[in-house]
Amino acid sequence: MTVKTRKQGNSLVITIPADFKIRENKEYQPMIDENGILSFIPTRKNIYEQAADYDFKKAFKEMGLSDNGEMVGKENVW
């Protein structure tokens with residue numbers, strides 16, 4: 001399959017085939033590498049931005065949950 005760029009206003013547009021099943025109004029971050037390869041990375045919203053001052057440790061205590069500081073599984077990924 002081949003797609004072709006076309007001019008729309010001051011921008012170039014590349015048609016995305018319907019077979020890709022991309023939803024309308026989805027946001028992507030465009031990137032181009034040193035070889036001229038175009039990539040469109042889906043943007044993701046940071047769920048923590050809405051409550052940047054949220055105190056997780058305080059909420060943990062309020063819920064009566066404890067943390068003994070011991071690892072349970074593979075938490076130590078460093």
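**Strand pairing, loops and surface of the predicted model**

Strand β1, which covers residues 5-8, pairs with β2 in the antiparallel sense, and the pairing extends over 4 bridges. The description given here rests on a predicted model. Within the pairing of β1 and β2, the bridge partner of arginine 6 is valine 13 of β2, while glutamine 8 stands opposite serine 11, also in β2. The two strands form a hairpin with 2 residues between them, and in the turn glycine 9 has a positive phi of about 65 degrees.

A second antiparallel pairing joins β3 and β4, here over 5 bridges. In this pairing, methionine 31 stands opposite serine 39 of β4. β3 and β4 likewise form a hairpin, with 5 residues between the strands, and its turn contains glycine 36, for which phi is positive at about 85 degrees.

Positive phi values are also found outside the glycines of these turns, in the loop that runs between β2 (11-14) and β3 (28-32). Lysine 21, which lies in this loop, has a positive phi of about 55 degrees although it is not a glycine. With a relative accessible area of 70%, which is over the 50% cut-off, lysine 21 is classed as exposed. Asparagine 25 belongs to the loop between β2 and β3 as well, and its phi, near 65 degrees, is again a positive value in a residue other than glycine. Asparagine 25 counts as exposed because its relative accessibility is 73%, the cut-off for this class being over 50%. Isoleucine 22, in the loop between β2 and β3, falls into another class: at 40% relative accessibility it counts as partly exposed, since that class takes in values between the 20% limit for buried residues and the 50% limit for exposed ones.

Isoleucine 22 also contributes to a nonpolar surface patch of about 940 Å², which is made by Met1, Val3, Ile14, Ile16, Phe20, Ile22, Ile32, Leu38 and Phe40. Another member of this patch, methionine 1, is found in the segment before β1 and counts as exposed, with a relative accessibility of 73%. The C-alpha atom of methionine 1 is separated by 9.0 Å from that of proline 17, although the two residues are 16 positions apart along the chain.

The largest pocket of the model has a volume of about 540 Å³. Its lining comprises 17 residues, of which Ile14, Thr15, Ile16, Tyr28 and Phe40 are the closest to the centre of the pocket. Among these central residues, Ile14, Ile16 and Phe40 are also named as members of the nonpolar surface patch. In terms of secondary structure, β2 and β4 each supply at least two residues of the lining, and β2 gives the most, with 3 residues.

Beyond the strands, arginine 44 is found in the loop between β4 (38-42) and α1 (56-62). Arginine 44 is exposed, as its relative accessible area amounts to 73%. Although arginine 44 and glutamate 27 are 17 residues apart in sequence, the distance between them in space is 8.5 Å, taken from C-alpha to C-alpha.

Methods. Residues numbered from 1 in each chain as written. Predicted model: local features only at pLDDT ≥ 70, side-chain atom pairs only at ≥ 80, totals over all residues. Heavy atoms only, no water. Patch = residues over 30% accessible without salt bridge, like charges linked within 9 Å, V, L, I, M, F, W, Y side chains within 5 Å. Areas by Shrake-Rupley, 256 points an atom, 1.4 Å probe, with all protein chains shown as cover. Salt bridge = Lys/Arg side-chain N within 4 Å of Asp/Glu carboxyl O. Buried < 20%, exposed > 50% of the residue type's maximum accessible area, 1.4 Å probe, protein only. Pairing = 2+ DSSP bridges. 1 Å grid on protein atoms, 1.4 Å probe; cavity = no way out; pocket = protein on both sides within 12 Å on 5 of 7 lines; lining within 4 Å. Points joined across faces, edges and corners; volume = space filled by probe spheres on them.
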